[in-house]
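Take a walk through this model, one part at a time. Keep the sequence and the 3D view side by side.

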Amino acid sequence: MKIMISKEKYLWLKKNLYLQSIQSILDYQKTLRHNIYEYYQFPELTQIKYITVGRQVELIVYVEYFSKWEKVLLGYGDEHNNFKKYYPLILNFMKKYVLPKKEKDYSSHIRYYHLFNPCMQQTLSYSISLTVYDDNIFKHLTKGQGSGDDSMAADISRYYREQNLRGPEWVTVVSLDKIFVAIIISGVTSPFWHRYQQVSLESRIFFKDAIKQLSKEAIEFSFKNHNIAGGRILFSDFQWKEDTIFIVAIRDKESWEKLLKV
């Protein structure tokens, strides 16, 4: 069947070759990473395992599979996990060299970028990055996606207000595909709590844990309302300077475990 598109859309897609399909985005990401890493002689410790998009959000799964020798070393402690060990360096490298190039190639400013601290299993280490652009650059790839997202966001906001007597400034929920749901909750701190977090590292950790727990409960409440029985939070991280909590949830554990397999 021949699919007709408007002249404007055709010209836009021709200009933005990287955004024509999920595969073209994946190919672009892999080539970009390889070229920049090679230029700066930065080791590619991880591989891009999976990529998915939703409206203005891009999610990438990074995986480091351990060799037999690395598995032996990890038996003596997780300090031999290279992904975890060099996470701050990788994050800084991404922000300094990779993101500016993506902004230029995608013709859209990056509003948020977050790379979660890696987690480790017996045979691998993995992490996920969330990139939020100012423009809906993936809209043409996500038609019909996320029909219940606004309702889920309203659930989360309502739970916050009921439990905290104060709701967040805004909640964004983006159903990316059959596996992933990205959730960003911003403006969660009252003026008092914002000052309190600056008193000490301990106070900041206390508030971070409290916000993560409240967000977890709010998302579980929303999942229950939308009959997502297998839903669970995979990554959650509160950034106090941005007053924003970044969350990646999965709809079912089986699909996620299948994705991680070699």
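**A walk from helix α5 outward**

Aspartate 105 has a relative accessibility of 12%, so this residue counts as buried. The model is a predicted one. Aspartate 105 does have a charged partner. Its side chain meets that of lysine 101 in a salt bridge, with 2.7 Å from N to O. Both residues belong to helix α5, and because they are four residues apart there, about one helical turn separates them. An α-helix has 3.6 residues a turn, so residues three or four places apart point the same way. Lysine 101 sits at 34% relative accessibility, so lysine 101 counts as partly exposed. The cut-off for buried is under 20%. The bridge between aspartate 105 and lysine 101 therefore pairs a buried residue with a partly exposed one.

Now follow the helix itself. Helix α5 covers residues 87–106. It has a kink of about 40 degrees, and the kink is centred on methionine 94. Methionine 94 is also one of the buried residues of α5. The others in that set are Tyr87, Ile90, Leu91, Phe93, Val98, Leu99, Lys102, Asp105 and Tyr106. What do these buried residues of α5 pack against? Their partners are two helices, α2 (22–39) and α4 (82–85), together with the strands β2 (57–65), β3 (110–115) and β5 (124–133). After α5 comes serine 107. The phi of serine 107 is positive, near 55 degrees.

Aromatic rings add another layer. The count of aromatic pairs comes to 20. Take tyrosine 28 and tyrosine 106: their ring centres are 5.4 Å apart and their planes meet at 40 degrees, so this pair is tilted. Tyrosine 28 lies in helix α2 and tyrosine 106 in helix α5, so the pair ties together parts that are 78 residues apart in sequence. Both tyrosine 28 and tyrosine 106 are buried. Next, turn to tyrosine 133 and phenylalanine 138. Their ring centres are 5.8 Å apart and their planes are at 80 degrees, so this pair is edge-to-face. Tyrosine 133 is buried, at a relative accessible area of 0%. Phenylalanine 138 is buried as well, also with a value of 0%. Ring pairs also build a cluster, made of Tyr37, Tyr39, Tyr40, Phe42, Phe93 and Tyr97. Phe93 appeared above among the buried residues of α5.

Return to charge, this time in helix α6 (residues 149–164). Side chains of opposite charge can pair when their charged atoms come close. Aspartate 155 and arginine 158 form a salt bridge, at 3.4 Å from N to O. Both lie in α6, three residues apart, or about one turn of the helix. Arginine 158 also meets glutamate 162 in a salt bridge, at 3.9 Å from N to O. Glutamate 162 and arginine 158 are four residues apart in α6, again about one turn. Asp155, Arg158 and Glu162 are thus linked in a network of salt bridges. Buried or exposed: where does aspartate 155 stand? Aspartate 155 is buried, with a relative accessible area of 6%. Arginine 158 is partly exposed, at 31%. The protein's count of salt bridges comes to 10.

Look next at the loop between β5 and α6, where leucine 141 lies. Its relative accessibility is 27%, so leucine 141 counts as partly exposed. The C-alpha atoms of leucine 141 and arginine 55 are separated by 7.8 Å. Along the chain, these two residues are 86 residues apart.

Then move to the surface. Phe192, Tyr196, Val199 and Phe206 make a nonpolar patch of about 420 Å². Tyrosine 196 belongs to helix α7 (residues 191–197). At 31% relative accessibility, tyrosine 196 counts as partly exposed.

Finally, step back to the whole chain. The protein has nine helices and nine strands. Of its 262 residues, 45% are buried. Take the contacts between residues at least 6 apart in sequence: 63% of them join residues at least 24 apart. The exposed area is about 14700 Å², and carbon and sulfur atoms supply 52% of it.

Terms used
Residues numbered from 1 in each chain as written. Predicted model: local features only at pLDDT ≥ 70, side-chain atom pairs only at ≥ 80, totals over all residues. Heavy atoms only, no water. Buried < 20%, exposed > 50% of the residue type's maximum accessible area, 1.4 Å probe, protein only. Contact = heavy atoms within 4.5 Å. Areas by Shrake-Rupley, 256 points an atom, 1.4 Å probe, with all protein chains shown as cover. Patch = residues over 30% accessible without salt bridge, like charges linked within 9 Å, V, L, I, M, F, W, Y side chains within 5 Å. Salt bridge = Lys/Arg side-chain N within 4 Å of Asp/Glu carboxyl O. Bend = angle between axes of the 7 residues up to and from the residue. Phe/Tyr/Trp six-rings, centres within 6.5 Å; stacked < 30°, edge-to-face > 60°.
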